Amino acid sequence: MASLWTYFNHPNFWWVLAGTTFLSAISALVGTFTYLQRKSLMGDAIAHGILPGVAGGFLIAGEKNALVIMIGAIVWGVLTVSSIEWISRKTHLRSSTAMAVVLSAFFGLGMMLLTVVQTSGLPDASGINSFLFGQAASMLPEDLMVYSVFAVVVAFVLAAVYPHLTIISFDRATAESNGFNVRRVDAVLSILVVAATAIGIQSIGLILMAALLITPAAIARMWNSRLIGMLIFSGGIAALAAGMGSVISFTAPAMPTGPWIVLILFAFTLISMVISPQRGLLKRYRQQKKNQDIILRENFIKRLYHQWERSGQTAFHLSDIEDTPSKRTLRYAVNNDWIQLAGNSIHLSEKGMREGRRITRAHRLWELYLSKALRMRDDHVHPSAEVMEHLIGDDLEKELLRALDYPLTDPHQRDIPYEP
Amino acid sequence: MNTWVLINAVVIALSCSLAGAFLVLRHRAMLTDAISHAVLPGLVIAFLISGSRNTAAMLIGAFAFGFICIFLVEFFRRYVRITDDASIGITFTSLFAIGIILVSRYTDRIDLDQECVLHGEITYSALKRMALPGTNWHVPQTFVSGMAMLFIVSLLIAIGYRGLKITSFNPDYATSIGVSVTLWHYISGGIASMVTIVSFEAVGAILVIALMVIPAATAWLISKRLPAMLLNTTILSVTGSVFGYWVAIWLNVSIAGSIAFLLGIQLMVVILVKVVARRLPLQRATK
């Protein structure tokens with residue numbers, strides 16, 4: 001840790017750390033709205049498309065001047081957005097095709113300008129590469145000030161148009177039909193995306209900038225179902241990833257920062273995918289397991305009940321039961337007083353009887369309902385009832401009983417058991 | 001000597017643009033963006049394992065990551081319910097990031113660098129030569145592999161022409177007569193991925209996208225029938241490559257960048273001509 005400590009004492013360290021976390025958080029906020037409108041790849045097109053602006057800004061300023069490069073990037077970003085818009089309006093090409101076209105053509109122009117910069121003999125010409133993949137550690141406080149001013153402006157504009165953005169993100173059609181100027185809000189969002197891309201060019205680099213617009217929003221969506229929570233979460237996660245990225249950038253200066261930030265975000269995506277409370281795989285697995293347990297034990301007690309119906313006996317041998325129950329099912333049944341277990345012999349208790357009766361009743365009621373109300377053939381109703389018996393609760397059972405007027409037998413002429 | 005660079009560029013341009021035509025018709029142009037970024041770690045890992053620029057190893061690596069890319073996109077979409085475009089975006093940026101980290105970490109062991117990933121090495125494609133079997137002719141390796149790819153792509157398109165055509169233009173009709181749209185969806189995607197991967201090394205990530213998408217999109221605007229569109233696609237890809245090459249030599253700039261940009265200029269000219277033509281009184285009178 002002693003070595004890490006020396007970076008903390010590096011004069012630029014805290015500047016860069018504070019700067020990159022702030023810039024990334026702002027970019028991620030803008031990305032949340034493009035995510036919700038399913039325009040995520042627009043960010044990728046813009047990020048590639050602004051390269052001529054960055055290289056041109058470098059050539060005009062004759063050095064790595066953050067302000068000129070920022071202005072170049074924003075001007076060219078707006079040009080990128082309008083070109084995509086222009087192509088999809090004037091031709092029958094879809095906007096995704098227009099995006100691929102403009103992205104590659106403009107990036108090609110940018111590559112031409114990059115080679116001009118590299119052969120120009122300008123001082124610091126090799127520094128231009130830091131804009132491609134990001135080099136957080138190479139940022140000076142002056143650069144950071146420039147980017148931060150732009151980021152603050154983005155934040156203010158975002159706050160000002162927040163209600164409008166919310167409307168078009170969630171109910172675009174209604175907004176449109178109420179005479180809301182959707183296209184103007186779209187234009188503002190596009191300019192915000194351009195600015196959000198431009199402020200990240202030196203910390204993340206423009207090639208991977210799209211990830212900062214997309215990934216935090218996607219992660220935030222896994223944890224939140226409200227917009228405000230999503231915004232806070234995506235901003236926070238982007239700040240965290242960017243902060244970790246800048247630490248790496250200081251410890252390994254030869255490495256570009258952007259890929260690390262993207263990789264950290266990817267790791268967060270994988271972690272959230274597993275543990276997030278809303279859509280996490282773990283949560284879904286547990287839910288599935290729980291449902292499976294319920295079905296298994298309900299089927300077990302139903303089978304005992306059927307055997308009792310046939311024989312009138314409440315004592316069984318474990319080997320007499322078709323589909324031998326799992327230990328887990330048996331343990332649950334014993335703990336809940338459904339059965340008494342002694343060695344391999346089972347005794348069905350009063351409580352277990354009631355449970356078996358309930359499930360059998362639900363099954364037969366549903367069969368009768370399908371047959372009577374939906375006029376399904378009697379030999380087609382069983383499979384559906386096998387599923388529904390586990391889902392029919394007290395309320396639905398009451399409704400079925402009322403609808404069928406308290407029937408006595410099911411379509412197969414078996415008794416529908418009532419509580420004695 | 002430099003003629004070979006131009007010839008290589010044209011050969012690669014031909015196969016890319018032909019394979020791209022069916023992607024553009026299916027509105028899947030951004031797929032090339034995803035694949036051309038996602039295969040990078042495969043190339044680097046293959047390079048590290050085989051210890052050389054072994055074409056076979058790099059192809060296997062690239063294909064493996066092409067599949068990982070498709071799998072991850074599908075996984076995020078289906079099981080994590082991330083929106084379509086976002087799952088594409090997350091996947092290819094992450095894979096590309098892994099590739100870039102590997103490139104910069106092992107930069108001393110690989111003769112790939114961050115820039116060459118973007119620009120490709122078309123300039124050096126004339127240098128590595130091989131003898132044509134049975135003759136004394138020494139031609140660049142890139143030319144041989146490019147011609148092989150062009151042959152395979154043309155053959156696949158010729159064999160699958162009917163299926164590709166019907167599923168591109170009228171998927172509903174295709175389904176109704178029992179042609180599997182999904183199957184041809186994967187075949188067209190597969191051809192495009194193969195071309196992307198083979199061309200990536202020579203022309204870099206960006207020019208692959210430009211070559212696959214722009215000539216086909218341009219040709220679509222000026223052609224009424226598929227054969228004409230395919231012909232126009234190939235012509236436009238050749239003119240774009242030749243002009244782009246000349247401009248690059250003339251201004252001494254990146255060849256890959258210049259070709260990509262010139263392809264874009266061609267498209268812009270076509271759109272402008274169409275827009276102006278629409279406003280001419282002559283056209284209005286004939287309508």
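1. Let's start where the two chains meet. In this predicted model, chain A and chain B bury about 5,000 Å² between them, and carbon and sulfur atoms give 77% of that area. Three residues are good ones to find on your screen: L41(A), M111(A) and M112(A) supply 12% of the area that chain A buries against chain B, more than any other three residues. If you wonder why an area is quoted here, the size of an interface is often given as the accessible area lost when the parts come together.

2. How many residues does each chain bring to the contact? Chain A brings 54 residues and chain B brings 57 residues. Sorted by class, the side of chain A that touches chain B holds 34 nonpolar, 13 polar and seven charged residues. Try colouring that side by class to see how the groups are spread.

3. Next, the polar side of the contact. Between chain A and chain B there are five residue pairs in polar contact, counting pairs with both residues at pLDDT 80 or more. The count of salt bridges between chain A and chain B, however, is zero.

4. Which helix of chain A gives the most to the side that touches chain B? Helix 6 does, with 16 residues. Several helices of chain A supply at least two residues each to this side, among them helix 3 (40–49), helix 5 (66–90), helix 6 (95–119) and helix 14 (281–311).

5. Now move to the strands of chain A. Strand 2 (residues 339–342) and strand 3 (residues 345–348) of chain A pair in the antiparallel sense over four bridges, and I339(A) has L348(A) as its bridge partner. The two strands make a hairpin with two residues between them, and G343(A) in the turn has a positive phi of about 65°. Strand 3 of chain A also pairs with strand 1 (residues 315–317) of chain A, again in the antiparallel sense, over three bridges. Here A315(A) is matched with H347(A) as its bridge partner.

6. Strand 3 of chain A is a nice place to practise reading side chains. Which of its residues are buried, and which are not? I346(A) and L348(A) point to one face and are buried, while S345(A) and H347(A) point to the other face and are not.

7. Two residues deserve a look at their backbone angles. R38(A) is not a glycine, yet it has a positive phi of about 55°. R38(A) sits in the loop between helix 2 (13–36) and helix 3 of chain A, and R38(A) counts as exposed at 57% relative accessibility. Q413(A), another residue other than glycine, has a positive phi near 65°. Q413(A) is in the segment after helix 18 (394–403) of chain A and counts as exposed at 59% relative accessibility.

8. Beside that loop is a pairing worth zooming in on. K39(A) and D186(A) meet through their side chains in a salt bridge, 3.3 Å from N to O. The pair links distant parts of the chain, 147 residues apart: D186(A) is in helix 10 of chain A, and K39(A) is in the loop between helix 2 and helix 3 of chain A. Is each partner buried or partly exposed? D186(A) is buried, with a relative accessible area of 14%, whereas K39(A) is partly exposed at 29%. As background, side chains of opposite charge can pair when their charged atoms come close.

9. Helix 10 (residues 182–198) of chain A also holds I191(A). I191(A) is partly exposed, with a relative accessible area of 47%. The C-alpha atoms of I191(A) and V81(A) are separated by 8.3 Å, although these residues are 110 residues apart along the chain.

10. Finally, more salt bridges. Over all chains the count comes to 20. In one of them, the closest N and O atoms of R328(A) and D293(A) are 2.7 Å apart. R328(A) lies in helix 15 (residues 327–335) of chain A and D293(A) in helix 14 of chain A, so this pair ties together parts 35 residues apart in sequence. R328(A) is partly exposed at 46% relative accessibility, while D293(A) is buried at 13%. Another salt bridge joins D410(A) and R414(A), with closest N and O atoms 3.3 Å apart. D410(A) is buried, with a relative accessible area of 2%, and R414(A) is partly exposed at 35%. Salt bridges with shared partners also join R357(A), R361(A), E397(A) and E419(A) into one network.

Conventions: Residues are numbered from 1 along each chain as its sequence is written. Chains are lettered from A and ligands numbered from 1 in the order in which they are written. This is a predicted model: local features need pLDDT of at least 70, side-chain atom pairs count only at pLDDT 80 or more; totals for chains, interfaces and linings use all residues. Side-chain values use heavy atoms; hydrogens and water are left out. Contact means heavy atoms within 4.5 Å. Buried area is the accessible area (1.4 Å probe) that two parts lose on being put together, summed over both. A salt bridge is a side-chain nitrogen of Lys or Arg within 4 Å of a carboxyl oxygen of Asp or Glu. A polar contact is a pair of N or O atoms within 3.5 Å; within protein, one must be able to donate a hydrogen and the other to accept it, and residues adjacent in sequence count only if both atoms are side-chain atoms. Ala, Val, Leu, Ile, Met, Phe, Trp, Tyr, Cys and Pro count as nonpolar, Asp, Glu, Lys and Arg as charged, and the others, Gly among them, as polar. Two strands pair if DSSP finds at least two bridges between them. Buried means under 20% relative accessible area, exposed over 50%, partly exposed in between (1.4 Å probe, protein chains only).
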